Amino acid sequence: MGFEINGKTYETDEEGYLVNLSEWDEEAAKYLAVEEKVDLTDSHWEVINFLREYYNDYQIAPAVRVLTKAIGKKLGPEKGNSKYLYELFPYGPAKQACKIAGLPKPTGCI
Amino acid sequence: MTESTGGIDMDEESSGTVKKFAFINRKAPYGTIYALESLEVVLISAAFDQDVSLVFVDDGVYQIKKGQGTKAVGMKNFSPAYRALEGYDIEKLYVEKESLESRGLTEDDLVVPVEVLTSEEMATLMDEQDVVMSF
């Protein structure tokens with residue numbers, strides 16, 4: 001499975017996550033966001049970029065509780081709460097935002 | 001907010017019980033799946049708010065050794081994930097003194113802060129646990 005943008009192909013798994021994380025780029029994020037029915041705003045990009053940094057540092061996708069806490073630390077308490085994150089990513093900030101950010105599905109996410 | 005425990009019903013009584021879990025890591029990080037599997041179980045266990053300890057003994061100490069170059073074996077270097085454990089509120093990491101010394105390693109060679117225990121102290125620690133899982 002996969003998709004193609006401007007001649008570049010992206011391979012995805014059965015749940016729509018990118019198989020090769022190094023293939024991720026902004027175009028892929030935009031495509032994945034449309035698939036997830038998310039209208040990307042600056043606030044979304046803030047979380048996406050945060051996740052990419054987190055993955056770069058730790059090589060894992062954070063669980064939602066860990067993501068919430070870490071966002072609060074970095075971007076302030078008004079953003080480090082589940083209400084804010086679920087408003088941005090209604091189907092689960094960990095699952096949905098990780099998918100758009102080109103990360104694997106968080107460990108422990110059912 | 002229980003994405004990670006979704007679908008699992010815990011009644012009030014069981015969700016209030018905190019048990020002491022120790023995950024014992026004995027094997028080198030690559031070559032077998034034990035180290036990675038252990039790490040995944042540990043990350044999942046964090047969602048259940050239990051009292052979790054991680055123990056590194058024998059070749060398991062190599063799992064948290066700095067400077068793992070995995071390119072040649074074609075594996076992902078997952079050692080940075082141990083530094084994420086703090087964010088998961090898993091802060092009890094123990095390493096056996098004898099295992100470190102016999103491999104010529106010190107605490108400075110490790111990617112995370114740990115408490116070094118002698119073999120005897122380790123036995124006491126394991127004795128205090130409700131659940132011990134060995135990988």
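I began at the N terminus of chain A, where A:Met1 lies in the segment before strand 1 (2–5) of chain A. The model I am reading is a predicted one. Buried or exposed, I asked, is A:Met1? A:Met1 has 10 other C-beta atoms within 10 Å and is exposed, since a residue counts as exposed at 12 or fewer. Leaving aside residues up to four places away in sequence, I found that A:Met1 touches A:Thr12 and A:Glu14. I also looked up A:Val19, which is 18 residues from A:Met1 in sequence and lies 9.7 Å from A:Met1 in space, C-alpha to C-alpha.

**Chain A as a whole**

I then listed the elements of chain A, which has five helices and two strands, and read along the sequence they follow the pattern β-β-α-α-α-α-α. For the overall dimensions I noted that the C-alpha trace of chain A spans about 40 × 25 × 25 Å along its principal axes. A compact globule of 110 residues would have a radius of gyration near 13 Å, and chain A, with 13 Å, agrees with this. Buried residues make up 33% of the 110 residues in chain A. When I took the contacts in chain A between residues at least 6 apart in sequence, 52% of them joined residues at least 24 apart.

**Helix 3 of chain A**

Next I turned to helix 3 of chain A, residues 64–75, whose twelve residues reach 16 Å from the first C-alpha to the last, close to the 16 Å expected at 1.5 Å a residue. Which residues of helix 3 of chain A are buried? I recorded A:Val64, A:Arg65, A:Val66, A:Leu67, A:Thr68 and A:Ile71. Looking for what covers these buried residues, I found that the cover includes helix 2 (42–58), helix 4 (82–88) and helix 5 (93–100) of chain A. Just after helix 3 of chain A comes A:Gly76, with a positive phi near 105 degrees.

**Two positive phi values outside glycine**

I looked up A:Lys37, a residue other than glycine whose phi is nonetheless positive, near 60 degrees. A:Lys37 sits in the loop between helix 1 (26–35) and helix 2 of chain A, and I noted A:Lys37 as exposed, with 9 other C-beta atoms within 10 Å. In chain B, I found a positive phi near 60 degrees at B:Asp89, again a residue other than glycine. B:Asp89 is placed in the loop between strand 2 and strand 3 of chain B, and with 13 C-beta neighbours inside 10 Å B:Asp89 counts as partly exposed.

**Chain B and its sheet**

Chain B has four helices and five strands, and from the N terminus on I read its elements as α-β-α-β-β-α-β-α-β. Of the 135 residues of chain B, 30% count as buried, and among its contacts between residues at least 6 apart in sequence, 72% join residues at least 24 apart.

In what order do the strands of the chain B sheet stand? I traced five strands in an open sheet with the order 4-3-2-1-5 and parallel pairing. Strand 4 (115–117) and strand 5 (131–134) of chain B are at the edges with a single partner strand each, so one side of each is left without a neighbour in the sheet. Neighbouring strands of this sheet are turned against each other by 25 degrees on average, direction ignored.

I followed one pairing in detail: strand 1 (residues 20–25) and strand 2 (residues 51–56) of chain B run parallel and are joined by six bridges. B:Asn25 has its bridge partner in strand 2 of chain B at B:Phe56. Helix 2 (residues 34–45) of chain B packs on the sheet, where it touches strand 1 and strand 2 of chain B, and its direction makes about 160 degrees with that of strand 1 of chain B. Helix 4 (residues 119–127) of chain B also packs on the sheet, touching strand 1, strand 2, strand 3 (92–96), strand 4 and strand 5 of chain B, with its direction at about 140 degrees to that of strand 3 of chain B.

**Helix 2 of chain B**

I ended with helix 2 of chain B, whose twelve residues reach 16 Å from first C-alpha to last, close to the 16 Å expected at 1.5 Å a residue. Within helix 2 of chain B, I recorded B:Ala35, B:Ser38, B:Leu39, B:Val42 and B:Leu43 as buried. Why do I place these buried residues on one face of the helix? Seen down the axis of helix 2 of chain B, they fall within an arc of 135 degrees, so they line one face. Their cover includes strand 1 and strand 2 of chain B.

Terms used: Residues numbered from 1 in each chain as written. Chains lettered and ligands numbered in written order. Predicted model: local features only at pLDDT ≥ 70, side-chain atom pairs only at ≥ 80, totals over all residues. Rg over C-alpha atoms; globule rule 2.2 N^0.38 Å. Buried ≥ 20, exposed ≤ 12 C-beta atoms within 10 Å, placed from the backbone. Contact = placed C-beta atoms within 7 Å. Pairing = 2+ DSSP bridges. Axes fitted to C-alpha atoms, helices over the stretch in contact; angles between N-to-C directions. Expected span 1.5 Å × (residues − 1). Arc of directions from axis to C-beta.
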